[in-house]
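Here's a quick tour of one model, written for someone who'd rather be at the bench. Have a look at the structure first, then read on.

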Amino acid sequence: MIIRSETGTAAENAALAALVTRAFATAPVASGTEAEVLARLRASGALSLSLVAEADGQLVGQIAASAATIGGAAGWACLGPLAVAPEVQGGGVGSALMRAALDRLAVRGAAGAVLVGEPAYYRRFGFVADPAVVLAGVPARYVLVKPLAGPAPAGALVCAPALMP
Ligand SMILES: CC(C)(COP(=O)(O)OP(=O)(O)OC[C@H]1O[C@@H](n2cnc3c(N)ncnc32)[C@H](O)[C@@H]1OP(=O)(O)O)[C@@H](O)C(=O)NCCC(=O)NCCS
């Protein structure tokens, strides 16, 4: 398996949309709009990172990041969507994508990463719920923060419009 940046071609964008839709079709928590969110992030120029996992020439996973602020402080990256093809879920692809994304964000000097997700999965990467970081409309236990350079500030989390609840 290799992990690389998305190419942005129309064909690959369509394949990624199909992959994200399939991944979330059986997810315990899903809005059904995850592929559209990825497309909106891309179309609005908000994608700061989009990595894909490829095995035997097939796309098997994807993770996106876009700029976010916490309490007005810049330098944060909001991760999502993260999606792995159903037939390879549980095989380490999601973990490899997350670690690659966090490595790249650290190299770029990001303050840290934030996401909305299941704590039981994301704690293995060092994400913790921080009650001082608030995303209106989302229960605090699902707002997860991983500082990469110093502690997280307190305040409202503001992500790209496509990711806001
Ligand atoms: C969640 C997802 C990205 C994880 O990727 P993956 O490649 O399947 O996961 P990995 O192989 O890296 O890790 C597997 C581990 O994660 C755990 N895990 C997977 N999904 C989980 C979930 N929703 N909640 C808690 N743990 C979860 C597995 O139980 C397994 O645990 P173990 O290592 O202790 O055995 C993937 O299953 C997926 O695309 N799911 C559907 C879409 C989705 O829910 N995306 C996340 C939105 S926040």
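## Around the ligand

One oxygen atom of the ligand is 3.4 Å from a polar backbone atom of valine 93, which fits the cut-off for a polar contact, a pair of N or O atoms within 3.5 Å. Glycine 94 also puts a polar backbone atom 2.7 Å from a ligand oxygen, and a backbone N or O atom of glycine 90 lies 2.7 Å from an oxygen atom of the ligand. On its own the ligand exposes 890 Å², and the protein buries 66% of that (Shrake-Rupley method, 1.4 Å probe).

Before going further, note that this is a predicted model: local features need pLDDT of at least 70, side-chain atom pairs count only at pLDDT 80 or more, and totals for chains, interfaces and linings use all residues. Residues are numbered from 1 along each chain as its sequence is written, and side-chain values use heavy atoms, with hydrogens and water left out.

## Who makes up the shell

There are 20 residues around the ligand, with Val84, Gly90, Gly92, Gly94 and Ser95 coming nearest (a residue is near if one of its heavy atoms lies within 4 Å). By type, the shell splits into eleven nonpolar, seven polar and two charged residues; glycine counts as polar here, and Asp, Glu, Lys and Arg as charged.

Which elements each supply at least two residues of that shell? They are α1 (10-25), β4 (73-84), α3 (93-107) and α4 (119-122). Helices (H or I, at least four residues) and strands (E, at least two) are DSSP runs, numbered from the N terminus.

## The domain record

UniProt, in an unreviewed entry, lists residues 1-149 as "domain: N-acetyltransferase"; such annotations may be inferred rather than shown by experiment. Over residues 1-149 the chain is 30% helix and 35% strand, and the end C-alpha atoms are 30 Å apart.

## Two backbone oddities

Most residues other than glycine have a negative phi, and most peptide bonds are trans. Glycine 80 and proline 81, though, are joined by a cis peptide bond with omega about -5 degrees, and proline 81 is found in strand β4.

Aspartate 56 has a positive phi of about 50 degrees although it is not a glycine. Look for aspartate 56 in the loop between β2 (47-55) and β3 (58-70).

Key:
Polar contact = N/O pair within 3.5 Å; in protein donor to acceptor, adjacent residues only side chain to side chain.
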